[in-house]
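Please look through the structure below before reading on, and keep it open beside these notes. The numbered points start with the surface and then work inward.

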Amino acid sequence: MASGGKGAPLVPFLDYAVFRSLQVGRIVQNIGGIANLTAIPAAAKSEDVMAFDTGPGNMVIDQLMQQLFDKPYDHNGQIAMQGTILTPVLAEMLRATYFKRKPPKTAGREEFGKDYAKAFLRKCGRAAKQDVIATATALTAHSIAAAIRRLFCPRASTAITSSPAVARRTTL
């Protein structure tokens, strides 16, 4: 962090020590409360490693599960799998400033905590509770995928598909 890094500085060092390879570049993705990745190029030196938070991990899902189902989390994604992704809500949430910022960047409860979950729920309107959880789960998956695409394939499209079935397959 003293060198300009963000977030949990020991995790990228551990990822580098454990997963570096002379032949293969790797991305190590952690999905905790906040999702973060470590990008380790092939034959990387420690200064070549990039790490940053991609956005919400389980934090939003868990908050919504508590509020809607009085459960601390969605065990094995069972609730999300029963729902349909609210594609317009997902697309709107992915337009947030945080997702547009370039790495390195860090996030926390300030960006994706209780207030964010309440706003997310308001955006979902009168949707079925399972649809809300499916959409929150898709937010995590799509924000991770978008961060990776932006980092490694900047010309690739980051548009959300209009087909809930296709969007759903990418989140499970």
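1. The protein chain exposes about 9,800 Å², of which carbon and sulfur atoms supply 55%. Buried residues, on the other side of the count, make up 40% of the 172 residues in the protein chain.

2. This is a predicted model, and a careful reader will want to know its confidence before anything else. The mean pLDDT of the protein chain is 88, and 84% of its residues reach 70 or more. Over residues 161–172, however, pLDDT stays under 50, and for this stretch the model has 22 contacts beyond four places in sequence. Where pLDDT is low, the predicted coordinates should not be read in detail.

3. The protein chain has nine helices and three strands, and when they are read along the sequence they follow the pattern α-β-β-β-α-α-α-α-α-α-α-α. Among contacts in the protein chain with a separation of 6 or more, 63% join residues that are 24 or more positions apart.

4. Which residues touch the most other members of the largest nonpolar core? This core has 31 residues, and those with the most such partners are Leu64, Phe112, Tyr116, Phe120, Val132, Ile133 and Leu139. At least two core residues come from each of α2 (59–69), α3 (78–82), α4 (87–93), α5 (97–100), α7 (114–124) and α8 (129–152), and α2 gives the most, with seven residues. In soluble globular proteins, nonpolar side chains tend to be buried together.

5. Helix α2 deserves a point of its own. Its buried residues are Met59, Val60, Ile61, Leu64, Met65, Leu68 and Phe69, and what covers them includes β2 (34–40), β3 (50–56), α3, α6 (109–112), α7 and α8. Just after α2, Asp70 takes a positive phi of about 55°.

6. Ile133 shows what such packing looks like for one residue. Not counting residues up to four places away in sequence, Ile133 touches Ile61, Leu64, Met65, Leu68, Phe69, Asp74, Ile79 and Ala80. A second, separate core of five residues includes Tyr16, Val28, Ile40 and Ala44.

7. Asp15, which is found in helix α1 (residues 10–19), invites a closer look. Is this residue buried or exposed? Asp15 is buried, yet it has no salt bridge, and the nearest side chain of opposite charge, Arg26, is 11 Å away. Once residues up to four places away in sequence are set aside, Asp15 touches Arg20, Val28, Thr38 and Ile40; Val28 and Ile40 are also among the members of the second core.

8. Asn30 lies in strand β1 (residues 26–31), and it counts as partly exposed because its relative accessibility is 38%. Leaving aside its neighbours within four places in sequence, Asn30 is in contact with Ala35 and Asn36. The C-alpha atoms of Asn30 and Gly57 are separated by 8.3 Å, although these residues are 27 residues apart along the chain.

9. Thr84 lies in the loop between α3 and α4. Why is Thr84 described as partly exposed? The reason is its relative accessible area of 39%, a value that falls between the limits of 20% for buried and 50% for exposed. The C-alpha atoms of Thr84 and Thr135 are separated by 7.3 Å, while the two residues stand 51 residues apart along the chain.

Note on methods. Residues are numbered from 1 along each chain as its sequence is written. This is a predicted model: local features need pLDDT of at least 70, side-chain atom pairs count only at pLDDT 80 or more; totals for chains, interfaces and linings use all residues. Side-chain values use heavy atoms; hydrogens and water are left out. A nonpolar core is a set of buried Ala, Val, Leu, Ile, Met, Phe, Trp, Tyr and Cys residues joined through side-chain atoms within 4.5 Å. Buried means under 20% relative accessible area, exposed over 50%, partly exposed in between (1.4 Å probe, protein chains only). Helices (H or I, at least four residues) and strands (E, at least two) are DSSP runs, numbered from the N terminus. Contact means heavy atoms within 4.5 Å. pLDDT is the predictor's confidence in each residue, from 0 to 100. Lys and Arg count as positive and Asp and Glu as negative; His and the chain ends are not counted. A salt bridge is a side-chain nitrogen of Lys or Arg within 4 Å of a carboxyl oxygen of Asp or Glu. Accessible areas come from the Shrake-Rupley method with a 1.4 Å probe; for residues, only the protein chains shown count as cover.
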